[in-house]
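This report introduces selected local features of one protein model to a reader who has not met it before. Please keep the sequence and the structure in view while reading.

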Amino acid sequence: MKEKIYTIPLMDAFRADDECPFCFIERNLEQHAIDFVLGSGASYMEDDIRAETDKTGFCRNHYKKMFDYGNRLGTGLILTTHFKKKNEELKQQLKMFSPGKASMLSHLKKAKIDPENPKTSIGAWIKEESNRCYICDYSKDTYNRYLDTFFELYRKNPEFQNLFQNSKGFCLPHFADLVETAETLLSDKEKKSFYDSLFALMTENLQRITDDLEWFCDKFDFRNKDADWKNSKDAIQRGMQKAVGGYPAAPVYKADR
């Protein structure tokens, strides 16, 4: 099966020998989105893009990454028009706000915030705003398409099937995504074959990480001070990636100077 433009990034991710090819994909998607928003192409100067970022904003995680990226002017321009929109929305929320009736014993109660179930209109507004992010939305939408592409290649591409079989498996969150997607996209016969391969991969590679972590800790025993580190020197960051995804030891992503 000849590679197509949309299959190349996924094939490259599996060839990268990463602990999780989908972490590799997600990092590339995120960096591409940050480059698009703040990079030399100056998309933040385009009216349609600015209208989207004004409306959606960014999450705490991506504001931090935008700050680290280093384009202060671009970030400042984006924030300026975004806050003009927020100012208007805040005024509307304050006009509509109506405090609830306090009970006789309310002064005896302790603070108990449930972020998922706000009790006020302002809390609900902030919750909705906090769950929106231009970069997250781009990454999620594109990531979902790569899940579809994964199963297309798994069904039709022998080279990809071989890359999958010989991969290091996946982090636990992306492993769950594959299982959830397989339940929707695969036939009963395909599920059996796929799950047999996937579950064996995960079992083998989680044990590999466990062994590396155990040896990493054992190396701190004075009796092993002269022993070889084997594959354990970077076991901490690889273990963290396998557990929750991402790259805890990756350097900060910055704009090209």
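The text below treats two residues and then one pair of helices.

The model is predicted: local features need pLDDT of at least 70, side-chain atom pairs count only at pLDDT 80 or more, and totals for chains, interfaces and linings use all residues. Residues are numbered from 1 along each chain as its sequence is written, and side-chain values use heavy atoms, with hydrogens and water left out.

Helices are DSSP runs (H or I, at least four residues), numbered from the N terminus. Buried means under 20% relative accessible area (1.4 Å probe, protein chains only). The table lists two residues that are buried.

| Residue | Place | Relative accessible area |
|---|---|---|
| Thr56 | helix H3 (residues 47–56) | 10% |
| Tyr44 | loop between helix H2 (21–38) and H3 | 11% |

Contact means heavy atoms within 4.5 Å. Leaving aside residues up to four places away in sequence, Thr56 touches His82, Arg132, Cys133, Tyr134 and Asp137. On the same basis, the residues that Tyr44 touches include Val37, Leu38, Arg50, Asn71 and Ile78. From Tyr44 to Glu129 the C-alpha to C-alpha distance is 20 Å, with their positions 85 residues apart in sequence.

Helix H10 (residues 188–218) packs with helix H11 (residues 235–244) at an angle of about 145°, and their axes are 9 Å apart. Axes here are lines fitted to C-alpha atoms over the stretch in contact, and angles run from 0 to 180 degrees between N-to-C directions. Among the residues that meet are Leu206, Ile209 and Phe216 in H10, and Ile236 and Lys242 in H11.

Methods. Helix = DSSP H or I, 4+ residues; strand = E, 2+ residues; numbered from the N terminus. Buried < 20%, exposed > 50% of the residue type's maximum accessible area, 1.4 Å probe, protein only.
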